[in-house]
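Reader: I'd like a close look at one part of this model, namely how its pieces meet. Could you walk me through the contacts between the domains and then between the chains?

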Number of protein chains: 2
Amino acid sequence: MSYDDGMTTLSAADLELAHGVRMAVTRLARRLRNQRADLSLTPSQLSALAALDKHGPITPGQLADHEKVQPPSMTRVLGVLEEKGLVVSTPHPTDRRQKVVEVTSAAHAMLVADRRAREEWLASRMAELTSAEVAALRAATPVLEKLIAP
Amino acid sequence: MSYDDGMTTLSAADLELAHGVRMAVTRLARRLRNQRADLSLTPSQLSALAALDKHGPITPGQLADHEKVQPPSMTRVLGVLEEKGLVVSTPHPTDRRQKVVEVTSAAHAMLVADRRAREEWLASRMAELTSAEVAALRAATPVLEKLIAP
DNA sequence: TATTGTTATACTCTATAACTATA
DNA sequence: TATAGTTATAGAGTATAACAATA
């Protein structure tokens, strides 16, 4: 593959492989999303809950920053999630203006089960591959991760 | 890889590979989405425009079905796209209740340029891979496509 | 005085219901 | 009478502005 320093032009072969990778990755990601069970949450609610599960107990302001929404929007999202018993809030240990929210164990279990179900779907699809195809997939996974890196 | 006929249990190794593939594919797809230029369109508008570009001149009703929205919603989306000069509508050739909408050449060029830019970004990322890594990617692409199929 | 979070209010997007034109 | 599309209206969701509590 040619080296692109911003001055040279990418070769047609480079772009053709990039096209194939983009199409395959984009479509498989969509298929995986479609396998998601109906959790009766809006995209914003699910995204906030997953971020909270991943980044541990944080304040609503920090979560709003992470999710790139305004604080009043996060107030509403957290209100719904708390009503559903998916998050709980506790007073901030040192600053009484703030509070700290975290996912409940029920919400964590729900998220884990959902990820697991999608991975089981993918594994069952992979069960129809030849061993050479599985090997190709295994070899490519770290390469895909490397593309994501920076 | 073990064969899953719906009765046997998936092995831990199967699920581990599925986990790695899911993570890599999901994250790379997100990175690719983030590379999208700001086209000043809402997700619904962009999705409808892309579907219209792909599936040729069709009626608003067909487009609403494809996009899984109600006809009145599509009326509004198409109104915006028409105002922006991205779609044009013509009378239906045989049924005067219907009409046919299609993307303008400007909109088509915009979509092509946007895809091209994302593929150039990906190609520039791939330029930092070793030739063995590129080969692994090339070998895995048809496998990813096979997983999507149905 | 500055900051965190909430409440008040407006705007956007999509849905259902009602309407118009045509088959 | 049934169908395609539009208009009227309501329900979510998010934003900005104003407010209350605390640092």
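Author: Sure, and let's start with what isn't there: across the interface of domain 1 of chain A and domain 2 of chain A, there are 0 residue pairs in polar contact, counting pairs with both residues at pLDDT 80 or more. On the side of domain 1 of chain A that touches domain 2 of chain A, the residues split into 2 nonpolar, no polar and 2 charged. Keep in mind that this is a predicted model.

There is a charged link, though. Between domain 1 of chain A and domain 2 of chain A the count is 1 salt bridge. Arg115(A) pairs with Asp53(A) in a salt bridge, and their closest N and O atoms are 4.0 Å apart. The cut-off for a salt bridge is within 4 Å, so keep that number in mind when you look at this pair.

Now for the layout behind that. The domain assignment splits chain A into domain 1 (12-38 + 109-148) and domain 2 (43-103). The C-alpha centres of domain 1 and domain 2 of chain A sit 30 Å apart. As for who touches whom, 4 residues of domain 1 of chain A are in contact with 5 residues of domain 2 of chain A. Together the two domains of chain A bury about 350 Å², with 82% of that on carbon and sulfur atoms. On the domain 1 side, Arg36(A), Met110(A) and Leu111(A) supply 90% of the area buried against domain 2 of chain A, more than any other three residues.

If you'd like a record to set beside this, the unreviewed UniProt entry annotates residues 14-146 of chain A as "domain: HTH marR-type". Over residues 14-146, chain A is 70% helix and 8% strand, and the end C-alpha atoms of that stretch are 17 Å apart.

On to the chain-chain interface. Here 52 residues of chain B are in contact with 52 residues of chain A. Chain B and chain A bury about 5,300 Å² between them, 72% of it on carbon and sulfur atoms. The count between chain B and chain A is 4 salt bridges, and over all chains it comes to 15 salt bridges. One pair that crosses between chains runs from Arg22(A) in helix H1 (residues 12-34) of chain A to Glu119(B) in helix H5 of chain B. The side chains of Arg22(A) and Glu119(B) meet at 2.7 Å, N to O.

The interface of chain B and chain A also has 13 residue pairs in polar contact, both residues at pLDDT 80 or more. On the side of chain B that touches chain A, the elements giving two or more residues are helix H1 (12-34), helix H5 (105-126) and helix H6 (131-148) of chain B. H1(B) gives the most, with 17 residues. That side of chain B divides into 28 nonpolar, 6 polar and 18 charged residues.

One last spot, within chain B: His92(B) lies in the loop between strand S1 (87-91) and strand S2 (99-103) of chain B. The side chain of His92(B) reaches the backbone nitrogen of Thr94(B) at 3.1 Å. Leaving aside its neighbours within four places in sequence, His92(B) is in contact with Thr59(B), Gln98(B), Lys99(B) and Val100(B).

Key:
Residues numbered from 1 in each chain as written. Chains lettered and ligands numbered in written order. Heavy atoms only, no water. UniProt positions renumbered as here; feature names shortened; annotations may be inferred. Helix = DSSP H or I, 4+ residues; strand = E, 2+ residues; numbered from the N terminus. Domains from an automatic or database assignment. Contact = heavy atoms within 4.5 Å. Buried area = accessible area lost by both parts, 1.4 Å probe. Polar contact = N/O pair within 3.5 Å; in protein donor to acceptor, adjacent residues only side chain to side chain. Nonpolar A, V, L, I, M, F, W, Y, C, P; charged D, E, K, R; others polar.
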